[in-house]
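Hello, and welcome to this structure. Here are a few numbered points to read with the model open beside you.

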Amino acid sequence: MRQQKDTRRTFSQKKKGKPNDLKFEVEQDSELLVFLLGKMPQKSRNDVKVLLRDKKVFVEGEAISQFNQPLSSGQKVEIRWEKQPEEIKIRGLKIIFEDQYLIVIDKEAGVLSIATEKQKENTAYSVLSEYVKRQDPVNKIFVVHRLDKDTSGIMMYAKSQRIQKALQENWNDNILERTYLAVVEGIVAKPVGKIISYLAESKALIMYSSQNPEHGQKAVTYYELTKSSKKHSLLQVNLETGRKNQIRVHMKDIGHPVIGDDKYGATTNPIKRLGLHAWVLSFTHPVTKEAMRFETEVPQVFLGLF
């Protein structure tokens with residue numbers, strides 16, 4: 001039976017002369033600012049807001065800057081006094097997390113995940129390879145999963161074949177959440193849906209759906225309508241499987257192709273890019289076994305349509 005932790009305060013050891021990080025456990029649902037003021041009565045509201053602004057407050061390992069972030073009972077909150085490394089922005093991507101095992105990035109639309117026969121340079125892979133080799137010439141990175149060139153959002157790469165293998169071989173167990181945002185043509189009448197089909201690739205390299213299990217790999221997509229206008233719908237999309245072009249094909253299947261996706265039936269491109277964004281990625285760290293969760297901002301060009 002798990003021992004109950006002291007919910008008031010625990011300390012982690014730091015180097016001599018540096019303040020100890022603070023760790024708290026949430027006892028009842030609250031908002032972050034209210035919770036911190038209760039745990040640190042010696043701090044003013046302004047003091048706490050400065051900690052949030054400087055990204056020294058972490059909830060379940062994720063830096064939080066919103067003072068009204070909701071907290072649930074049992075969550076872990078930390079104050080880390082040392083200055084956190086700045087987000088690193090390099091060509092076409094932003095590094096949002098890095099340790100000795102992994103790199104998590106926010107990729108811009110228009111950037112390839114890896115090289116193709118037509119383009120070898122200026123891919124996310126080549127840019128990150130250059131980046132890690134500047135730290136040590138023997139360093140390498142390894143592809144874990146991919147995003148389409150015109151899809152923006154969160155990806156991760158491994159720093160060794162061992163980590164790559166650990167993630168890929170247990171992909172469905174390791175991945176806790178993969179949430180995309182998709183802007184599609186038309187108004188989706190059914191606000192919540194589940195799409196199941198079997199995907200295969202044609203000789204023309206276009207993916208297509210079949211209801212015959214012998215004609216492809218099973219693909220399962222869940223969606224929820226979040227916003228709509230006269231011409232478009234914004235969907236929150238979750239993947240149970242990760243097949244090539246899965247969301248794009250399934251949106252075509254329900255009669256609402258992703259905007260800008262002429263390959264799969266779209267006739268409009270109001271934002272001059274594909275309306276698909278990898279919004280949230282949550283996974284179990286292959287070494288530390290921590291639950292890691294990363295969320296990017298919703299692209300403003302998406303919101304501008306609504």
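1. Before anything else, please keep in mind that this is a predicted model. The points below begin with a helix, move on to charged pairs, and end with some backbone angles and one strand residue.

2. A good place to begin is helix H6, which covers residues 246-253. Six of its eight residues are buried, so the helix is largely enclosed by the rest of the structure. The buried ones are Gln246, Ile247, Arg248, Val249, His250 and Met251.

3. What do the buried residues of H6 pack against? Their partners are strands: S13 (175-185), S14 (192-201), S15 (207-210), S16 (217-228), S17 (232-239) and S18. If you follow the chain just past the end of H6, you come to Gly255, where phi is positive at about 85°.

4. Now for the charged side chains. Side chains of opposite charge can pair when their charged atoms come close. In this model the count of salt bridges comes to eleven. One group forms a network, in which salt bridges link Asp148, Arg248 and Asp261. You have already met Arg248 as one of the buried residues of H6.

5. Helix H4 (residues 161-169) offers a pair that is easy to find. Lys165 and Glu169 form a salt bridge through their side chains, with an N to O distance of 3.9 Å. Why are these two separated by about one helical turn? They sit four residues apart in H4, and that spacing is about one turn of the helix. An α-helix has 3.6 residues a turn, so residues three or four places apart point the same way. Lys165 is partly exposed at 49% relative accessibility, while Glu169 counts as exposed at 57%.

6. Two other salt bridges are worth a look. Arg53 pairs with Asp54, and their closest N and O atoms are 3.0 Å apart. Here Arg53 is exposed, with a relative accessible area of 58%, whereas Asp54 is partly exposed at 33%. Arg293 and Glu295 also meet through their side chains, at 3.0 Å from N to O. Both are partly exposed: Arg293 has a relative accessible area of 33%, and Glu295 has one of 39%.

7. Please also check the backbone at two loop residues. Most residues other than glycine have a negative phi, and most peptide bonds are trans. Glu60 is not a glycine, yet its phi is positive, near 50°. You will find Glu60 in the loop between strand S4 (57-59) and strand S5 (62-63), where it is partly exposed with a relative accessible area of 42%.

8. The second of these residues is Leu205, with a positive phi of about 65° although it is not a glycine. Leu205 lies in the loop between S14 and S15. Is Leu205 buried or exposed? Its relative accessible area is 53%, so Leu205 counts as exposed, the cut-off being over 50%.

9. Finally, take a look at Ser282 in strand S18 (residues 276-284). Its relative accessible area is 8%, so Ser282 is buried, the cut-off being under 20%. Which residues does Ser282 contact, leaving aside neighbours within four places in sequence? They are Asn174, Ile175, Leu176, Glu177, Met292 and Arg293. Arg293 in that list is the residue that forms a salt bridge with Glu295. S18 itself also appeared in point 3, among the strands that the buried residues of H6 pack against.

Technical notes: Residues are numbered from 1 along each chain as its sequence is written. This is a predicted model: local features need pLDDT of at least 70, side-chain atom pairs count only at pLDDT 80 or more; totals for chains, interfaces and linings use all residues. Side-chain values use heavy atoms; hydrogens and water are left out. Buried means under 20% relative accessible area, exposed over 50%, partly exposed in between (1.4 Å probe, protein chains only). Contact means heavy atoms within 4.5 Å. A salt bridge is a side-chain nitrogen of Lys or Arg within 4 Å of a carboxyl oxygen of Asp or Glu.
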